Amino acid sequence: MQEAYEKGLVIQNKPGGVPALKRYLDEQEGTPVDDVWIDIKPVQSQAAERLGYPTQKPEALLERIIQASSNEGDIVLDPFCGCGTTIAVAERLKRRWIGIDITHLAIALMKYRLESAFGEDLSPYEVIGEPLDVASARALASQDRFEFQKWAVSLVKGMPIESKGADRGIDGYINFFDDRPGKPKKIVIQVKSGRVGSPAIRDLKGVIAREKAVIGVLITLNEPTREMVKEAASAGFYESEHFGNFPKVQILTIRELLQEKKDINMPPRGADVTIKKAVRVKREVAQKTIDDIEPSEQSDS
């Protein structure tokens, strides 16, 4: 008591009053977090971090869990990672991570999220299970036609249609702006894994007209016929006020997308608003390059 008094930590509100010990907040342990968390709000409809995934969790929730249960450099595993909130937070907190999901829609959303959030600062990672060539793409199509469609749409950074019912001739879409101010323009995407011919192009023209789209894209596992190419060319062009003309009907093969890295011929991707971009993460410490990282240190997904 005397030592505390000499340090000025014993106070009396009035002469003769009961002495009290002065304590500072930064010296207190605080109140431990219990097992009912009501201080973290759900991801609201207009929240900056909201990406539109139905079961998206708040980043603050995963941040608390990861910080409480791991240290920098530890491995975080999420076996049902959906749109990738866990791995995005783990990446930001300098953890290594493994994310697993069964659908190619989720995988596509995770890749878009990481790329838009971290840009060039993103640590090297590997995607296991995606087709890397035409043969593996053909195998996926034979196993699950709907997952093949979602994967094919993700190759052009489109949003796949999730329903397995009637798709009305649309397997995916892209929305973009090419004027200011203006309404978003639509690109409709069809995916074919079997035999194709010129009727597929005529059907796509009908979908473009019905959906009031400006461009239609056919992604095909098999090479297009000469008649298909001719039918597509007869559709003419979409005339963008600021960016020039673009073929109204375009055919892209899986081979071209994988081997030649072709993409849709459209206005600049910077105007693409199909998938909401994650908030860019700013880092104080630069990440290692892939040459600096040992194989045992590299993240997996």
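This is a short walk through one predicted model, taking in its sheet, a helix, a pocket, a few loop residues and two cysteines.

Okay, ground rules before we start. Because the model is predicted, local features need pLDDT of at least 70 and side-chain atom pairs count only at pLDDT 80 or more, while totals for chains, interfaces and linings use all residues. Residues are numbered from 1 along each chain as its sequence is written, and side-chain values use heavy atoms, with hydrogens and water left out.

Let's begin with the sheet. When I say helix or strand, I mean a DSSP run, numbered from the N terminus: H or I over at least four residues for a helix, E over at least two for a strand. Two strands pair if DSSP finds at least two bridges between them. With that in hand, we have an open sheet of five strands, in the order S6-S7-S8-S9-S12, and the pairing is mixed. Strand S6 (159–160) and strand S12 (249–253) are at the edges with a single partner strand each, so one side of each has no neighbour in the sheet.

Now let's go across. S6 and S7 run antiparallel, joined by two bridges, and Met159 has Tyr173 in S7 as its bridge partner. Next door, S7 and S8 are antiparallel as well, over five bridges, with Ile174 opposite Ile187 in S8. Then the sense changes: strand S8 (residues 185–192) and strand S9 (residues 215–220) run parallel, with six bridges between them. There, Gln190 sits opposite Leu218 in S9. Finally, S9 and S12 pair in the parallel sense over five bridges, and Ile219 faces Leu252 in S12.

So what do the side chains do? In a regular strand they alternate between the two faces of the sheet. For burial, I'm using relative accessible area with a 1.4 Å probe and protein chains only: buried is under 20%, exposed is over 50%, and partly exposed is in between. Take strand S7 (residues 172–176): Gly172, Ile174 and Phe176 point to one face and are buried, while Tyr173 and Asn175 point to the other and are not. S12 is another story, with both faces covered: Val249, Ile251 and Thr253 are buried on one side, Gln250 and Leu252 on the other.

On to a helix. H4 (residues 104–118) has 15 residues and reaches 21 Å from its first C-alpha to its last. That is close to the expected 21 Å, where the expected span is 1.5 Å times one less than the number of residues. How much of H4 is buried? It's 14 of the 15 residues, so the helix is largely enclosed by the rest of the structure. Just after H4 comes Gly119, with a positive phi of about 55°.

H4 also takes us to the largest pocket. A pocket here is an open set of points on a 1 Å grid over the protein atoms alone, where a 1.4 Å probe fits, with protein on both sides within 12 Å along at least five of seven lines; lining residues have an atom within 4 Å of a point. The largest one holds about 430 Å³ of space. It is lined by 16 residues, and the closest to its centre are Lys111, Glu130, Ser154, Leu155 and Lys261. H4, helix H6 (145–155) and helix H9 (254–259) each give at least two residues to that lining.

Lys261 is worth a second look. It's in the loop between H9 and strand S13 (299–300), and it is exposed, at 66% relative accessible area. Its phi is near 55°, a positive value in a residue other than glycine. For context, most residues other than glycine have a negative phi. Lys157 has a positive phi of about 55° too, and is not a glycine either. You'll find Lys157 in the loop between H6 and S6, partly exposed at 41%.

Last stop: cysteines. How many disulfides are there? Counting pairs of cysteine sulfur atoms within 2.5 Å, we get zero. The sulfur of Cys81 is 8.8 Å from the closest cysteine sulfur, in Cys83, which is too far for a bond. Cys81 is buried at 5% relative accessibility, and Cys83 is buried at 4%.

That's the tour, thanks everyone.

Methods
Grid points are joined across faces, edges and corners, and a volume is the space filled by probe spheres set on the points.
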